[in-house]
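Here are my notes on the model you sent. Please read them with the structure open beside you.

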Amino acid sequence: MESDGVRVPDPDEYLDVVALANEVFRHAEGLRPTMEADLPLLFTPGDTSPFRVIGPRGAIASMLGVVVTRILLMGVTLEVASIGSVATAAAHRGRGLAGRLVDAALGESAERDLVFISGRLGLYTGRGAEPVGSFLEIERVPAQLKADHRLTTVPYEDHWLDALVAMAQAEPVRWWRSRALWERLVTVRGRGSADTWIRLALLGSEPVGYLVAGMDENRAEVWEYGGSRRALVTLMASLPVERVVVYPGTWDLAARHELGTGATVPALGTIFAPDLGRLGARLAPLAAERATAPRGSTPGLSPLAQLFGPRSPSPLPMVWPGCLNYV
Ligand SMILES: CC(C)(COP(=O)(O)OP(=O)(O)OC[C@H]1O[C@@H](n2cnc3c(N)ncnc32)[C@H](O)[C@@H]1OP(=O)(O)O)[C@@H](O)C(=O)NCCC(=O)NCCS
């Protein structure tokens, strides 16, 4: 690709891309340079294929990442692209570089059903991306959660990989992930960054649930979970923190039932639908199946907002930093 100065960096420029991302998102914020460990789906050593950059070798001025994947949604498969890590070196800002990269990334995603963008800036909304959708934020004190004492919880170790993958792949709403990708995600997140906590719940010796959480001092954020929702509550109760937050998707009524209610918070990112008609057709089986519930169109909402709104026919996992697929 080479249009409007936008290019895929050569593999030997991988460390330059990492350096720019760390400069903008970590050093500039006074943080340690952890982009590779934090975003293993985007940063694979030596693989520059997910990146688009502007600027010559040795002096990359602007970058972004595009990860192409799939969402499996109760039998419907959506092809999606996730755009993130959009960064321009401080000295090159305000010249339209990021805008050109976003244009290129949206252009090459025209065949996808959906594009998730990890931000709400005018840079995205000005190009048709919409800040739609919401999460239910449930915050609890682990010590007050009712653990199921028939269950025990154990830290994730490599020999649990097959069980973890089997539980994840039985979830009705999930990101597509091969066993190899799971292995990479849990290896990088589990070992590369000390703030990630992966745990399984066992009934006897049988794994019945798992949880991946990000730890921040005395607060844990549940990023992903699978298996029994009773096990989820028990896993949350075992977290060594004072507060734990979970963001169940709208589809996840079981977790909500067990955990009680919470506050509705807007999804952090924006969504771009290259072809709303095509997206609607893909989601038609879900819409038809769920049409028995009282729902319908809400006046004044955009078509995309209706698809992702509270009456949505599609319980989609939205753009959320707390997720192993976040870029
Ligand atoms: C956000 C960022 C990528 C923009 O890069 P850029 O190359 O300067 O972007 P552009 O020149 O294409 O301008 C993009 C928009 O940002 C605005 N903008 C550019 N420079 C700006 C500045 N210094 N202050 C405020 N707004 C600015 C432009 O007006 C433009 O808005 P518009 O699309 O509504 O016209 C860059 O400022 C950056 O790296 N910021 C830190 C990391 C970050 O926040 N990334 C985005 C995560 S969602």
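How many helices and strands does the protein have?

1. The model is a predicted one. The protein contains 10 helices and 15 strands.

2. Of its 327 residues, 39% count as buried. Take the contacts between residues at least 6 apart in sequence: 69% of them join residues at least 24 apart.

3. Helix α1 covers residues 14-25, which makes 12 residues. At 1.5 Å a residue it should span 16 Å, and the C-alpha atoms at its ends are 17 Å apart, so the expected and computed values agree. The expected span is 1.5 Å times one less than the number of residues, which is why the 12 residues of α1 are not simply multiplied by 1.5 Å.

4. Which residues of α1 are buried? They are D16, V17, L20, A21 and V24. Because these residues cover an arc of only 135 degrees around the axis, they lie on the same side of α1.

5. The buried residues of α1 pack against two kinds of element: a helix, α2 (35-38), and the strands β3 (51-54), β4 (62-73) and β5.

6. The ligand is surrounded by 17 residues, and the closest are T88, A98, G99, G119 and G122. Elements that give two or more residues to this shell are β5 (76-88), α3 (97-108) and α4 (122-125). Strand β5 therefore deserves a second look in the viewer: the buried residues of α1 pack against β5, and β5 also gives residues to the shell around the ligand.

7. By residue type, the shell around the ligand has seven nonpolar, eight polar and two charged residues. Glycine is counted among the polar ones.

Key
Residues are numbered from 1 along each chain as its sequence is written. This is a predicted model: local features need pLDDT of at least 70, side-chain atom pairs count only at pLDDT 80 or more; totals for chains, interfaces and linings use all residues. A residue is near a molecule or strand if its C-beta atom, placed from the backbone, lies within 6 Å of it. Helices (H or I, at least four residues) and strands (E, at least two) are DSSP runs, numbered from the N terminus. A residue is buried if 20 or more other C-beta atoms lie within 10 Å of its own, exposed if 12 or fewer, and partly exposed in between; C-beta atoms are placed from the backbone. The arc is that of the directions from the helix axis to the C-beta atoms. Two residues are in contact if their C-beta atoms, placed from the backbone, lie within 7 Å.
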